[in-house]
Amino acid sequence: NAVRGYNCTVFAYGQSGAGKSYSVVGYPPNIGLIPNTLSCLFGIVESNDSPTVRYQIEIAMLEIYMDEVYDLLEPRKKDRQKLNVFLNNGQIFVYDPSDRKNKDKIWRAAKDHNQAE
């Protein structure tokens, strides 16, 4: 459904050591759900030869830990800043003050899933 324009979410929940990172990101030689999904998704986009079909891909990988929200697409853990979460008209928004349209975060995550922590 993501290719048809629907927003999609993967939610991993569990205690420390339960295998969330292994399932979502994976460790060589077993890559996880996100790298596999992105590989398929970018394959579909790259094989598109229709001039009337356009794709726009946005991705966010967030960690909620001790009531704080962090951007997991920032490769340097020490540079991760706390993100602001707010409620507006019944919808929850996460605000990244650095730049929510930073496309190289997507490509970096898709090209080298080993950088994810």
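Guide: The accessible surface of this protein, taken from a predicted model, comes to about 9300 Å², and 51% of that area belongs to carbon and sulfur atoms.

Visitor: Which elements make up the protein, and in what pattern do they follow along the sequence?

Guide: The protein contains three helices and six strands. Read along the sequence, their pattern is α-β-β-α-β-β-β-β-α.

Visitor: How many of the residues count as buried, as a percentage?

Guide: Of the 117 residues, 21% count as buried. As for contacts between residues at least 6 apart in sequence, 33% join residues at least 24 apart.

Visitor: Which residues form the largest nonpolar core?

Guide: In soluble globular proteins, nonpolar side chains tend to be buried together. Here the largest nonpolar core has 10 residues: Val24, Val25, Ile34, Leu38, Leu41, Phe42, Ile57, Met61, Leu72 and Leu73. Helix α2, residues 33-47, provides the largest share of this core, with four residues.

Visitor: Which residues make a nonpolar patch on the surface?

Guide: Leu62, Val85, Leu87, Ile92 and Val94 make a nonpolar surface patch of about 470 Å². The elements that give two or more residues to this patch are β5 (82-88) and β6 (91-95).

Visitor: Is isoleucine 92 buried or exposed?

Guide: A residue counts as exposed when its relative accessible area is over 50%. Isoleucine 92 has a value of 66%, and is therefore exposed. This residue lies in strand β6.

Visitor: How should one read the pair formed by phenylalanine 11 and tyrosine 13: stacked or edge-to-face?

Guide: The angle between the ring planes decides the matter, since planes under 30 degrees apart count as stacked. The count of aromatic pairs comes to two. In the pair of phenylalanine 11 and tyrosine 13, the ring centres are 6.4 Å apart and the planes stand at 10°, so the pair is stacked. Both phenylalanine 11 and tyrosine 13 are exposed.

Visitor: What does the backbone show at the peptide bond from proline 28 to proline 29?

Guide: That peptide bond is cis, with omega near 5°. Proline 29 is placed in the loop between β1 (26-27) and β2 (30-31).

Visitor: What is the sign of phi at methionine 66 and at aspartate 67?

Guide: Methionine 66 has a positive phi, near 55°, although the residue is not glycine. Aspartate 67, likewise not a glycine, has a positive phi near 65°. Methionine 66 is in the loop between β3 (62-65) and β4 (68-71), and aspartate 67 also lies in the loop between β3 and β4.

Visitor: Are methionine 66 and aspartate 67 buried or exposed?

Guide: Methionine 66 has a relative accessible area of 66%, so this residue is exposed. Aspartate 67 is exposed as well, at 77%.

Key:
Residues are numbered from 1 along each chain as its sequence is written. This is a predicted model: local features need pLDDT of at least 70, side-chain atom pairs count only at pLDDT 80 or more; totals for chains, interfaces and linings use all residues. Side-chain values use heavy atoms; hydrogens and water are left out. Buried means under 20% relative accessible area, exposed over 50%, partly exposed in between (1.4 Å probe, protein chains only). Contact means heavy atoms within 4.5 Å. Accessible areas come from the Shrake-Rupley method with a 1.4 Å probe; for residues, only the protein chains shown count as cover. Patches are made of residues with over 30% relative accessible area and no salt bridge: like charges are joined within 9 Å, nonpolar side chains (Val, Leu, Ile, Met, Phe, Trp, Tyr) within 5 Å. A salt bridge is a side-chain nitrogen of Lys or Arg within 4 Å of a carboxyl oxygen of Asp or Glu. A nonpolar core is a set of buried Ala, Val, Leu, Ile, Met, Phe, Trp, Tyr and Cys residues joined through side-chain atoms within 4.5 Å. Rings of Phe, Tyr and Trp (its six-membered ring) pair if their centres lie within 6.5 Å; planes under 30 degrees apart count as stacked, over 60 as edge-to-face and the rest as tilted.
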